[in-house]
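Here's a quick briefing to read alongside the model. Have a look at the fold first, then we'll go through the details.

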Amino acid sequence: MNAVPLRPRSAAVLGVASLAGLMMFCWPLLLHVQHPHDEVQPPFLFLALLPVLIVVVLAEFSEGGMDAKVLALLGVLTAINAVLRGLSAGTGGIELVFFLLILGGRVFGAGFGFALGCTSLFASALLTGGVGPWLPYQMLASAWVGMAAGLLPRRASGRVEIAVLVLYGVLAAFAYGLLLNLSSWPFTLGIDVPGHTGSLSFVPGAPLWDNLHRFVVYTLLTSTGSFDAGRAVTNAVAIVLLGPAVLTTLRRAARRATVTVSPAPARG
């Protein structure tokens, strides 16, 4: 089911916004400096544009008149996800927000998964006081998690479907951690990790592979074996234990709601 159908224009807007968002995550690795001693300012303009891009995509989704039942489903799942995130609070990487996001994207499609990722992280940040410059990055990365869940093969069912979702949940947990690390790494100065000699800080103007090596080591030593692994285990356990029942409930709700899509209004 595609509760939020991606029309050609919506898909194009989503693709452009995702490409721009990916560049905002990866700018430290793409930056080219002619002289190593040139001063480099972080692209705060990009940071300001990121929430605008997200809003543009969500507005494009609703351009065709999003069904009221779809909005109701989105609101309910967003509220549940916000409460789940507040309860888990990310302690030790235990984050319950992603398993419902993945299952929602799986049942209702890629567009719905993207919207649910944005609204879930935004609502939970308001509840937990987690609003800050990191929030647009969290919203976009979680939106990609929900969107990709909606693009998984549709033919899988039963235990195979649960296995696919578990594997995806594990990979998504590490990918989310990698992206969030990349968003904050350039602003973290003087990174010295116990057990590792030398700084792992971003060096403006350094060759791509040097900065990439520093970032990969930084991620492996600081989050891969702790927060990211905890998030991956949480996703896997939650999907195995709760996935079948939640998928059945969501699909039953979709059938009873008889989700329909309103035709796009004629343009003058």
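Is D228 buried or exposed? D228 is buried, as its relative accessible area comes to 2%; buried here means under 20% relative accessible area, exposed means over 50%, and partly exposed is in between, using a 1.4 Å probe and protein chains only. One thing to keep in mind is that this is a predicted model, where local features need pLDDT of at least 70, side-chain atom pairs count only at pLDDT 80 or more, and totals for chains, interfaces and linings use all residues. Residues are numbered from 1 along each chain as its sequence is written, and side-chain values use heavy atoms, with hydrogens and water left out.

**Overall build**

- The protein has eight helices and zero strands, where helices (H or I, at least four residues) and strands (E, at least two) are DSSP runs numbered from the N terminus.
- Of its 268 residues, 47% count as buried.
- About 13,300 Å² of the protein is exposed, and carbon and sulfur atoms supply 71% of that; the areas come from the Shrake-Rupley method with a 1.4 Å probe, and for residues only the protein chains shown count as cover.
- Take contacts (heavy atoms within 4.5 Å) between residues at least 6 apart in sequence: 79% of them join residues at least 24 apart.

**The salt-bridge network**

- The structure holds four salt bridges, each being a side-chain nitrogen of Lys or Arg within 4 Å of a carboxyl oxygen of Asp or Glu.
- One of them pairs D228 with R231, with the closest N and O atoms 3.0 Å apart.
- Both of these residues sit in helix α8, three residues apart, or about one turn of the helix.
- R231 is buried too, at a relative accessible area of 8%.
- Shared partners join E95, D228 and R231 into one network.
- The E95 to R231 bridge is 2.6 Å, N to O.
- E95 lies in the loop between α3 and α4 while R231 is in helix α8, so this pair ties together parts 136 residues apart in sequence.

**Where α7 meets α8**

- R251 and E161 make a salt bridge through their side chains (2.6 Å, N to O).
- R251 belongs to helix α8 and E161 to helix α7, so the pair links parts that are 90 residues apart in sequence.
- R251 is partly exposed at 29% relative accessibility, whereas E161 is buried at 5%.
- L165, also in helix α7 (residues 158–184), is buried at 1% relative accessibility.
- The C-alpha atoms of L165 and I239 are 7.2 Å apart, with their positions 74 residues apart along the chain.
- Beyond its neighbours within four places in sequence, L165 contacts I102, L103, R106, L152, I239 and L247.

**Core and surface**

- The largest nonpolar core has 62 residues, and those with the most contacts inside it are F25, F99, F108, F112 and F114; such a core is a set of buried Ala, Val, Leu, Ile, Met, Phe, Trp, Tyr and Cys residues joined through side-chain atoms within 4.5 Å.
- Elements giving two or more residues to this core include α1 (8–30), α3 (68–88), α7 and α8.
- On the surface, V233, V237, V240, L241 and L242 make a nonpolar patch of about 460 Å²; patches are made of residues with over 30% relative accessible area and no salt bridge, joining like charges within 9 Å and nonpolar side chains (Val, Leu, Ile, Met, Phe, Trp, Tyr) within 5 Å.
- V237 is in helix α8 (residues 208–257) and counts as partly exposed at 43% relative accessibility.
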